[in-house]
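Good morning, everyone, and thank you for making room for this short presentation. Please take a moment with the sequence and the structure before I begin to talk through them.

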Amino acid sequence: MSNIQINQICFQTRDREQPWTRATYEQAGGYQVFKRILQEKTPPQEILEELKKREPIFHHPEFGTNRDDFESMTESDFWEVGASGQRYTRKDVIDTCVSRYQDPNYVKGDIWETDHFECRQIAPNNYLLTYTLIQGVERRITHRATIWRLVNGIWKIFYHQGTIISNGQ
């Protein structure tokens, strides 16, 4: 393993002003430190599976269909960047979801396929979940990213973004 690779992976355990060298890497425990850092940054499979069940967000009636449910799912400072590139507040998103669920045919006509999930712990009890979404009969493809926060045993959405992928790339 090169010093550059060691620096890239282990920088968060030392002052960034003091780069890792092979000697400091070995002094700090070598591969065991590297392995521990990778394990800390990779959430257990159970977390990935739990979050996958909740995506795409706001499209699972079993997690709620009314304003109170959507407010419970989101942090008070939640916001989203839609596939259009527009920024939406928590209120904007919740108002839209409530309106959609008032249509009894909404869920029936809602065609969503998800794939290529990846999950990364980014801070204690905070996880970045990314995936690809294929949406509707026109099969619009977007990359999605949601930051989930575990608060007192309850999953809350902190941030969400969708980015349209041209030509299905």
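Let me start with contacts across the whole chain: among contacts in the protein between residues at least 6 apart in sequence, 46% join residues that are at least 24 apart, where contact means heavy atoms within 4.5 Å. Before going further, I should say that this is a predicted model, in which local features need pLDDT of at least 70 and side-chain atom pairs count only at pLDDT 80 or more, while totals for chains, interfaces and linings use all residues. Residues are numbered from 1 along each chain as its sequence is written, and side-chain values use heavy atoms, with hydrogens and water left out.

The protein has 6 helices and 6 strands, and these are DSSP runs numbered from the N terminus, with helices (H or I) of at least four residues and strands (E) of at least two. Read from the N terminus on, the order of the elements is α-α-α-α-α-β-β-α-β-β-β-β. Of the 169 residues, 36% count as buried, a word that here stands for under 20% relative accessible area, with exposed meaning over 50% and partly exposed in between, for a 1.4 Å probe and protein chains only.

Now to the strands, which count as paired if DSSP finds at least two bridges between them. Strands β3 and β4 run antiparallel and are joined by 9 bridges, and Glu-118 stands opposite Thr-130 in β4. These two strands form a hairpin with 2 residues between them. What is the phi of Asn-125, in that turn? Its value is positive, about 65°, although Asn-125 is not a glycine, and at 40% relative accessibility this residue counts as partly exposed.

Strands β5 and β6 also run antiparallel, with 10 bridges joining them, and here His-143 stands opposite Thr-163 in β6. They too form a hairpin with 2 residues between them, and Asn-152, in the loop between β5 (140–151) and β6 (154–164), has a positive phi near 50° in a residue other than glycine. Is Asn-152 buried or exposed? Asn-152 counts as exposed because its relative accessibility is 76%.

Strand β6 has a further partner, since strand β1, residues 74–81, pairs with β6 in the parallel sense over 4 bridges. Within that pairing, the bridge partner of Thr-74 is Ile-157 in β6.

Please stay with β6 a little longer, as Lys-156 is placed in this strand. Lys-156 is buried yet has no salt bridge, and the nearest side chain of opposite charge, that of Glu-75, is 5.3 Å away. For that statement, Lys and Arg count as positive and Asp and Glu as negative, with His and the chain ends not counted, and a salt bridge is a side-chain nitrogen of Lys or Arg within 4 Å of a carboxyl oxygen of Asp or Glu. What does the side chain of Lys-156 reach? It reaches the backbone oxygen of Ser-72 at 3.0 Å. Leaving aside neighbours within four places in sequence, the residues in contact with Lys-156 include Glu-71, Met-73, Trp-148 and Arg-149.

One last place to look at is a peptide bond: the one from Glu-55 to Pro-56 is cis, with omega near -5°, and Pro-56 lies in the loop between α4 (45–52) and α5 (67–73).

Terms used
Polar contact = N/O pair within 3.5 Å; in protein donor to acceptor, adjacent residues only side chain to side chain.
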